[in-house]
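Trainee: Before we begin, I should like to learn how such a model is read. Please take me through it feature by feature.

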Amino acid sequence: RKNAFMLHNYIELERVEKDRAVFKLDIRPESCNPYGLIHGGAIYTLADNATGAAAHSDGRYYVTQTSALHFLRNQSEGEIQADARVRHRGHSTCLVAVDILGEDEKLLATGEFTFFCVDPEIMARKVKKA
């Protein structure tokens, strides 16, 4: 609800449970590249939001530290879905795998994101300074 960037990109939360999150994006003209296919940045944004929600499912606060997303195929209309699952949760980092699925659950992209656990009070002070 607080993520204006996610809302701006028409990304919606489907469900979140412990160590898992599923998000969806309905493809719109604004989501597409000049070739009429969903833009890689839209796919990445969907993946980042889903993996972040899976990491956050333990109640702590995280920021993306590193990521690798492998684009395999694309589509021009319909809905795509990100299915993110925590693979490892440590004291200060969390590794989350994600699959981006299209029509008929075809794998469009896959990857891993590493998140760094942050102190919410320190982050709030940094936001106020900016």
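Trainee: In what order do the six strands of the open sheet lie?

Mentor: One reads a sheet from side to side, not along the sequence. In this predicted model, the open sheet has the strand order 1-2-4-5-6-3, and its pairing is antiparallel. Strand 1 (11-17) and strand 3 (61-71) are the edge strands, each pairing on one side only. From one strand to the next, the twist averages 20°.

Trainee: How many bridges join strand 3 and strand 6?

Mentor: Ten bridges, in the antiparallel sense. Within strand 6, Thr114 stands opposite Thr66.

Trainee: Which strands does helix 2 lie across?

Mentor: Helix 2 (residues 40-56) lies across strand 1, strand 2 (20-26), strand 3, strand 4 (79-89), strand 5 (93-101) and strand 6. Its direction makes an angle of about 40° with strand 4.

Trainee: Is Lys24 of strand 2 buried or exposed?

Mentor: Here a cut-off is needed: buried means under 20% relative accessible area. Lys24 has 14% relative accessibility and therefore counts as buried. Beyond its neighbours within four places in sequence, Lys24 is in contact with several residues, among them Tyr10, Glu14, Leu46 and Glu79.

Trainee: Which residues form a nonpolar patch on the surface?

Mentor: Val63, Phe116 and Met123 form that patch, with about 210 Å² of accessible area together. Phe116 belongs to strand 6 (residues 107-118). Partly exposed is the class between under 20% and over 50%, so Phe116, with a relative accessible area of 36%, is partly exposed.

Key:
Residues are numbered from 1 along each chain as its sequence is written. This is a predicted model: local features need pLDDT of at least 70, side-chain atom pairs count only at pLDDT 80 or more; totals for chains, interfaces and linings use all residues. Side-chain values use heavy atoms; hydrogens and water are left out. Patches are made of residues with over 30% relative accessible area and no salt bridge: like charges are joined within 9 Å, nonpolar side chains (Val, Leu, Ile, Met, Phe, Trp, Tyr) within 5 Å. Accessible areas come from the Shrake-Rupley method with a 1.4 Å probe; for residues, only the protein chains shown count as cover. A salt bridge is a side-chain nitrogen of Lys or Arg within 4 Å of a carboxyl oxygen of Asp or Glu. Helices (H or I, at least four residues) and strands (E, at least two) are DSSP runs, numbered from the N terminus. Buried means under 20% relative accessible area, exposed over 50%, partly exposed in between (1.4 Å probe, protein chains only). Two strands pair if DSSP finds at least two bridges between them. Axes are lines fitted to C-alpha atoms, for helices over the stretch in contact, and angles run from 0 to 180 degrees between N-to-C directions. Contact means heavy atoms within 4.5 Å.
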